[in-house]
Amino acid sequence: MLFGFFSKKELALFQLLLAVNGIGAKTALAMLNTLSYAELIQGIQFGNALLLTKIPGIGKKTAERILLELKDKIIK
């Protein structure tokens, strides 16, 4: 598959999202298309599961898993 991104930061975030259990390429792209890079980063840093559930294909449990697995990686 071939994916295109506007910046290297978006590519890095896409790769981090793929590392989360249960998140595939389609869901990761939906996340990047629904929220801006900054909104997604801030949502993860502040633990905003409600923001993540607005993304198609992301439910409460998946949002919590994303926050749990990526919070430490995003802060670094």
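Set aside the neighbours within four places in sequence, and Phe14 is in contact with Phe3, Phe5, Ala25, Ala28, Leu29 and Leu32. That's a handy place to start a tour of this structure, which is a predicted model. Phe14 sits in helix H1, and with a relative accessible area of 4% it is buried, since anything under 20% counts as such. Leu50 is another matter: it is 36 residues from Phe14 in sequence, and the two C-alpha atoms are 20 Å apart in space.

**Helix against helix**

Two packed helices are described by the angle between their axes and the distance between the axes. Here are those values for three pairs in this model.

| Pair | Axes come within | Crossing angle, roughly |
|---|---|---|
| H1 and H2 | 9 Å | 135° |
| H1 and H3 | 11 Å | 45° |
| H3 and H5 | 8 Å | 105° |

Let's take H1 and H2 to begin with. H1 covers residues 8–18 and H2 covers residues 25–34. Their crossing angle of roughly 135° makes them oblique to each other, because it falls outside the ranges for roughly parallel, roughly perpendicular and roughly antiparallel. The crossing is right-handed. Who touches whom? On the H1 side you'll find Glu10, Leu13, Phe14, Leu17 and Leu18, and they meet Ala25, Ala28, Leu29, Met31 and Leu32 of H2. Sorted by class, that contact has 9 nonpolar residues, no polar ones and 1 charged one.

Now swing over to H1 and H3, whose axes cross at roughly 45°. That makes H1 oblique to H3 as well. This time the crossing is left-handed. Lys9, Glu10, Leu13 and Leu17 do the touching for H1, with Tyr37, Leu40 and Ile41 on the H3 side. The class split for this contact is 5 nonpolar, no polar and 2 charged residues.

H3 also packs against H5, and here the axes cross at roughly 105°. That makes H3 roughly perpendicular to H5. The H3 residues Ile41, Gly43, Ile44 and Gln45 meet Ile66, Leu67, Leu70, Lys71 and Ile74 of H5. By class, this contact has 6 nonpolar, 2 polar and 1 charged residues.

**Zooming in on Ile44**

Ile44 lies in helix H3. Is it buried or exposed? With 0% relative accessibility, Ile44 counts as buried. Beyond its neighbours within four places in sequence, Ile44 is in contact with Ile66, Leu67, Leu70, Lys71 and Ile74, and those names also turn up on the H5 side of the contact between H3 and H5. If you look across to Thr27, 17 residues away along the chain, its C-alpha atom is separated from that of Ile44 by 16 Å.

**The nonpolar core**

The largest nonpolar core has 22 residues, and the members that touch the most other members are Leu17, Met31, Leu40, Leu52, Ile58 and Ile66. Which helices feed into this core with at least two residues each? They are H1, H2, H3 (37–45), H4 (49–52) and H5 (60–75). H5 supplies the largest share, 5 residues.

Leu40 is a good core member to click on. Leaving out its neighbours within four places in sequence, Leu40 is in contact with Leu13, Leu17, Met31, Leu32, Leu35, Leu52 and Ile55. Leu17 and Leu13 are the H1 residues you met earlier in the contact with H3, where Leu40 was on the other side.

Leu35, one of those partners of Leu40, is found in the loop between H2 and H3. Even in a loop, Leu35 is buried, with a relative accessible area of 9%. Apart from neighbours within four places in sequence, Leu35 is in contact with Leu40, Leu51, Leu52 and Ile55. Leu35 and Ile55 are 20 residues apart along the chain, and their C-alpha atoms are separated by 7.9 Å.

**A stop at Lys73**

One last residue to look at: Lys73, in helix H5. Its relative accessible area of 43% makes Lys73 partly exposed, as that value lies between the 20% and 50% cut-offs. Lys61 is 12 residues from Lys73 in sequence, and the C-alpha atoms of the two are 19 Å apart.

Technical notes. Residues are numbered from 1 along each chain as its sequence is written. This is a predicted model: local features need pLDDT of at least 70, side-chain atom pairs count only at pLDDT 80 or more; totals for chains, interfaces and linings use all residues. Side-chain values use heavy atoms; hydrogens and water are left out. Axes are lines fitted to C-alpha atoms, for helices over the stretch in contact, and angles run from 0 to 180 degrees between N-to-C directions. Helices (H or I, at least four residues) and strands (E, at least two) are DSSP runs, numbered from the N terminus. Angles under 35 degrees count as roughly parallel, over 145 as roughly antiparallel, 65 to 115 as roughly perpendicular and the rest as oblique. A crossing is left-handed if the near helix is turned anticlockwise from the far one by less than a right angle, and right-handed if clockwise. Contact means heavy atoms within 4.5 Å. Ala, Val, Leu, Ile, Met, Phe, Trp, Tyr, Cys and Pro count as nonpolar, Asp, Glu, Lys and Arg as charged, and the others, Gly among them, as polar. A nonpolar core is a set of buried Ala, Val, Leu, Ile, Met, Phe, Trp, Tyr and Cys residues joined through side-chain atoms within 4.5 Å. Buried means under 20% relative accessible area, exposed over 50%, partly exposed in between (1.4 Å probe, protein chains only).
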